Amino acid sequence: MEIQLWREILHPYEMAVEELVSKFNSLREEYRKNGLYSPIERVTGRVKSVSSILEKMQRKNIPFERMEEEVEDIAGVRIICQFVEDIEKVNALLSHRQDMKVIERKDYLANQKKSGYRSLHLIVKYAVETIHGSRDILAEIQIRTMAMNFWATTEHSLQYKYKGELPPHVSVQLQKAADAIFVLDNEMSQVRSEIIDAQIDSQIQTRLVKDILLTIENLYRVASSREVRKIQDEFYRIFGLHDLEELKRFQKQLDIFAEGYRAQSIEPMP
């Protein structure tokens with residue numbers, strides 16, 4: 001393959017990664033804006049380097065003319081979850097999307113690799129619109145917990161250092177670490193509901209405070225400074241109680257108070 005063609009070949013893959021990362025981030029934010037727990041914690045993406053593509057082709061004896069069919073992870077997206085249970089939820093979400101088609105599932109959760117690697121891989125077909133028309137791109141989506149990702153990142157670095165031939169003592173330590181991470185993920189699952197409740201409450205409080213502050217700021221334009229300062233002081237007092245229900249009640253009372261001023265401002269002239 002001529003060197004100058006690589007940029008042209010990889011550009012649609014760059015488009016696919018950028019679009020997929022953006023869509024999955026938007027999905028996460030949609031959950032949070034609706035006061036729901038998001039099974040997606042973080043999303044990253046990358047296009048495989050030319051060096052890595054060539055190494056994989058060489059290792060698997062893939063000819064250049066079969067590269068885009070057989071190197072399935074040129075476009076790669078990684079979805080990080082908090083809990084093991086979230087992995088299957090993300091899998092279900094992606095499997096029902098209309099803008100991509102899952103064509104292969106590699107379950108390294110049920111079938112952990114000998115090294116200790118655990119993750120769920122989905123190979124999807126995704127269409128990007130280029131100046132030359134629509135183009136179907138294969139992309140690999142890895143779904144794993146934060147703990148699994150820490151282990152996999154460390155293992156990848158060691159594999160690179162030792163060029164795929166890990167010393168026995170390093171392999172043993174990695175396997176022990178993988179076992180510990182398996183235990184950690186299971187332990188976290190035991191308190192999953194409590195953690196989710198706490199995170200949702202935090203999101204609700206953040207939204208409430210934002211709305212309250214905006215209402216108080218607008219009141220400065222229509223109410224007396226003395227009145228608004230009293231409201232402001234009351235807000236700080238209630239916020240200091242760390243009681244979400246009290247904060248909700250305060251917001252309702254504040255909205256009723258502010259609505260009175262809005263009604264006055266639109267009353268017809270006599």
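Biologist: In helix H9, which side chain meets that of Glu245 in a salt bridge?

Modeller: In this predicted model, helix H9 covers residues 244-265 and holds both partners, three residues apart, about one turn of the helix. Glu245 is partly exposed, with a relative accessible area of 42%. The other residue also counts as partly exposed, at 28% relative accessibility. The side chains meet at 3.5 Å, N to O, and the partner of Glu245 is Lys248.

Biologist: How many salt bridges does a search of the whole structure find?

Modeller: Side chains of opposite charge can pair when their charged atoms come close. Some of the salt bridges share partners, and Arg28, Glu29, Arg32 and Glu41 are thereby joined into one network. For the whole structure, the search finds a total of 18.

Biologist: How many residues apart in sequence are the parts that Glu72 and Lys106 tie together?

Modeller: Glu72 forms a salt bridge with Lys106, and their closest N and O atoms are 3.3 Å apart. Glu72 lies in the loop between H3 and strand E2 (75-81), whereas Lys106 belongs to strand E3 (residues 100-107), so the pair ties together parts whose separation in sequence is 34 residues.

Biologist: Is Glu72 buried or exposed?

Modeller: A residue counts as buried when its relative accessible area is under 20%. Its partner Lys106, at 21%, is partly exposed. Glu72 has a relative accessible area of 19%, so the word for Glu72 is buried.

Biologist: Which residue forms a salt bridge with Arg118?

Modeller: Arg118 is in the loop between E3 and strand E4 (120-130), and its partner is in helix H6 (residues 168-190), 67 residues apart, so that the pair links distant parts of the chain. Both residues are buried. The closest N and O atoms are 3.7 Å apart, and the partner is Asp185.

Biologist: Against which helices do the buried residues of H2 pack?

Modeller: Helix H2 (residues 50-60) has Ile53, Lys56 and Met57 as its buried residues. They cover an arc of only 100° around the axis, which puts them on the same side of H2. On the other side, Gln58 and Arg59 are exposed. The buried residues pack against helix H1 (5-33) and helix H3 (67-70).

Biologist: Which residue follows H2?

Modeller: H2 spans residues 50-60. The residue that follows has a positive phi, near 55°, and is Asn61.

Notes. Residues are numbered from 1 along each chain as its sequence is written. This is a predicted model: local features need pLDDT of at least 70, side-chain atom pairs count only at pLDDT 80 or more; totals for chains, interfaces and linings use all residues. Side-chain values use heavy atoms; hydrogens and water are left out. Buried means under 20% relative accessible area, exposed over 50%, partly exposed in between (1.4 Å probe, protein chains only). Helices (H or I, at least four residues) and strands (E, at least two) are DSSP runs, numbered from the N terminus. The arc is that of the directions from the helix axis to the C-beta atoms. Contact means heavy atoms within 4.5 Å. A salt bridge is a side-chain nitrogen of Lys or Arg within 4 Å of a carboxyl oxygen of Asp or Glu.
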